[in-house]
Amino acid sequence: MHARITGTGGYLPAKVLTNADLERMVDTTDEWITERTGIRKRHVAEDGETTCDLAEQAARRALEMAGRSPRDVDLIIVATTTPDRVFPSTACQLQRRLDVHGCPAFDIQAVCTGFVYALDVANRFVQTGAARCALVVGAETLSRILDWSDRTTCVLFGDGAGAVVLEASEEPGLLSTHLHADGSFENLLMVPYGVSQGYDKVLAGEAFIQMKGNEVFKVAVNTLGRIVDETLEHNKMDKAEIDWLIPHQANIRIISATARKLRMPMERVVVTVDEHGNTSAASIPLALDVAVRDGRVRKGDMLMMEAFGGGFTWGSALLRF
Ligand code: COA
């Protein structure tokens with residue numbers, strides 16, 4: 001049994017923060033942000049608007065495109081690093097909102113690679129017959145774990161959610177997924193406090209993203225170069241057979257480096273980082289949804305997804321849409 005994406009959905013909070021807005025908040029310029037990252041604006045959740053709120057909208061849109069109702073769903077996986085609560089998981093909260101009862105529902109935390117991890121797990125459920133209609137969501141409110149006085153991080157991230165419906169199919173859809181992690185890089189990118197290691201620090205507002213950006217950049221470019229090679233070799237496929245690169249959207253320079261490695265012109269790369277910033281686990285399903293809805297990605301196209309994030313984690317997926 002194969003697993004195919006039959007619907008996509010995306011949702012961005014209404015509030016927009018432009019580079020000009022950030023110029024008024026920290027010592028930065030529109031020129032610096034645009035040149036170094038490609039980001040022009042990002043969406044930010046309003047007070048009280050949560051990851052699950054965004055996830056629900058994206059999930060409903062994906063189900064609608066797939067022509068499925070919530071009662072068809074028999075697996076819910078939400079990739080997030082910014083859950084609404086310690087528990088229940090965001091997936092369980094989403095399940096309640098969709099009025100779905102009884103199917104497995106759980107969160108996956110692999111930071112910016114979270115969606116690829118979730119897709120891999122859902123694929124295994126579908127391939128083994130344990131699920132026939134999975135809802136796979138990447139949803140984040142990264143704005144909540146940013147220090148808005150730190151110009152080296154606050155200009156980079158945004159909030160949003162993307163979702164896909166992954167269904168059992170006779171036709172091949174997902175061809176392969178490749179997951180990796182190496183925890184030894186934690187000092188380059190982390191939130192230094194969490195539940196077990198100092199909840200008081202979380203409550204005191206000290207649990208914010210810390211990053212050595214230029215070091216992360218170098219590792220990301222090299223690692224993503226390797227994962228696209230691994231993916232092509234595994235499938236005995238030539239670069240030229242990829243129709244669309246759907247990368248994690250962290251920085252246009254990282255995206256361009258991977259595109260060059262694949263010898264893909266930027267017209268074949270879905271770029272949303274300019275409009276969304278880095279939405280972590282939401283960025284790939286959001287980008288996919290944009291390109292499906294504007295007619296670029298069509299049924300039968302060969303897609304390569306790749307992501308890199310905190311952990312470090314990294315991964316890829318090759319699929320026939
Ligand atoms: N505005 C203006 N100047 C800024 C700035 C900002 N928002 N942020 C940093 N700077 C300054 C730095 O202080 C530094 O100044 P200095 O030379 O006087 O010390 C200078 O710009 C260069 O900083 P550097 O970090 O070397 O820049 P960079 O070209 O590497 O770009 C990133 C910084 C963060 C955009 C880039 O490294 C990056 O995208 N890294 C990967 C991030 C990422 O993808 N993280 C998530 C993984 S999913």
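**Asp 289**

I started at Asp 289 in this predicted model. Is Asp 289 buried or exposed? I found a relative accessible area of 6%. The cut-off for buried is under 20%, so Asp 289 counts as buried. I placed Asp 289 in helix H11, residues 283-293. Next I looked up what Asp 289 touches. Leaving out residues up to four places away in sequence, I listed Thr 8, Gly 9, Gly 10 and Met 65. One of these contacts I noted in detail: the side chain of Asp 289 reaches the backbone nitrogen of Gly 10 at 3.1 Å.

**Ligand site**

I moved to the ligand. How many residues surround the ligand? I have 24, and the closest are Thr 28, Arg 36, Arg 151, Gly 213 and Asn 251. I then went through polar distances. An N or O atom in the side chain of Thr 28 is 2.7 Å from a nitrogen atom of the ligand. At Gly 213 the partner is a polar backbone atom, 2.9 Å from a ligand nitrogen. For Trp 32 I noted a polar side-chain atom 3.3 Å from a ligand oxygen.

**Domains**

I checked the domain assignment. The protein chain is split into domain 1 (2-171) and domain 2 (175-320). Their centres, taken over C-alpha atoms, are 14 Å apart. I also looked up the contacts across the two. On the domain 1 side 52 residues take part, and they meet 45 residues of domain 2.

**Nonpolar cores**

I went to the largest nonpolar core, which has 38 residues. Which members touch the most other members? I wrote down Ile 209, Ile 242, Leu 245, Leu 262, Met 304, Phe 308 and Phe 312. Two or more residues each come from helix H8 (213-234), helix H9 (252-261), strand S12 (302-309) and strand S13 (313-320). H8 gives the largest share, six residues. Domain 1 and domain 2 each supply at least three residues to this core.

I picked Ile 209 for a closer look. Not counting residues up to four places away in sequence, Ile 209 touches Leu 142, Ile 145, Leu 146, Asp 150, Thr 153, Phe 157, Leu 189, Met 190 and Val 191. I also recorded a second, separate core of 37 residues, with Ile 5, Ala 79, Ala 122 and Val 292 among its members.

**Strand S12**

I followed S12, since two residues on my core list, Met 304 and Phe 308, lie on one of its sides. Eight of the eight residues of S12 are buried. On the side of Met 304 and Phe 308 I also have Met 302 and Glu 306. The other side holds Leu 303, Met 305, Ala 307 and Gly 309.

What pairs with S12 in the parallel sense? Strand S11, residues 244-247, does so over four bridges. In that pairing Leu 245 has Met 304 as its bridge partner. S13 runs antiparallel to S12, with eight bridges. Met 305 stands opposite Ala 317 of S13. S12 and S13 form a hairpin with three residues between them. In its turn, Gly 311 has a positive phi of about 140°.

**Arg 97 and helix H4**

I turned to Arg 97 in helix H4, residues 90-97. Its relative accessibility is 25%, so I logged Arg 97 as partly exposed. Apart from neighbours within four places in sequence, Arg 97 is in contact with Thr 50, Cys 52, Asp 53, Glu 56, Arg 60 and Asp 84. For Glu 56 I took the C-alpha separation: 7.5 Å, at 41 residues apart along the chain.

In the rest of H4, I marked Thr 90, Ala 91, Gln 93, Leu 94 and Gln 95 as buried. Their cover includes helix H3 (51-66), strand S4 (75-79), strand S5 (105-108) and strand S6 (133-141). After H4 comes Asp 99, with a positive phi near 60°.

**Strand S6**

I ended on S6, part of the cover over H4. Nine of the nine residues of S6 are buried. Cys 133, Leu 135, Val 137, Ala 139 and Thr 141 point one way, and Ala 134, Val 136, Gly 138 and Glu 140 point the other. S4 runs parallel to S6, joined by five bridges. There Val 78 is partnered by Val 137. Strand S7, residues 159-169, is antiparallel to S6 and joined by nine bridges. For Thr 141 the bridge partner in S7 is Asp 159.

Methods:
Residues are numbered from 1 along each chain as its sequence is written. This is a predicted model: local features need pLDDT of at least 70, side-chain atom pairs count only at pLDDT 80 or more; totals for chains, interfaces and linings use all residues. Side-chain values use heavy atoms; hydrogens and water are left out. A nonpolar core is a set of buried Ala, Val, Leu, Ile, Met, Phe, Trp, Tyr and Cys residues joined through side-chain atoms within 4.5 Å. Buried means under 20% relative accessible area, exposed over 50%, partly exposed in between (1.4 Å probe, protein chains only). Domain bounds come from an automatic or database domain assignment. Contact means heavy atoms within 4.5 Å. Two strands pair if DSSP finds at least two bridges between them. A residue is near a molecule or strand if one of its heavy atoms lies within 4 Å of it. A polar contact is a pair of N or O atoms within 3.5 Å; within protein, one must be able to donate a hydrogen and the other to accept it, and residues adjacent in sequence count only if both atoms are side-chain atoms.
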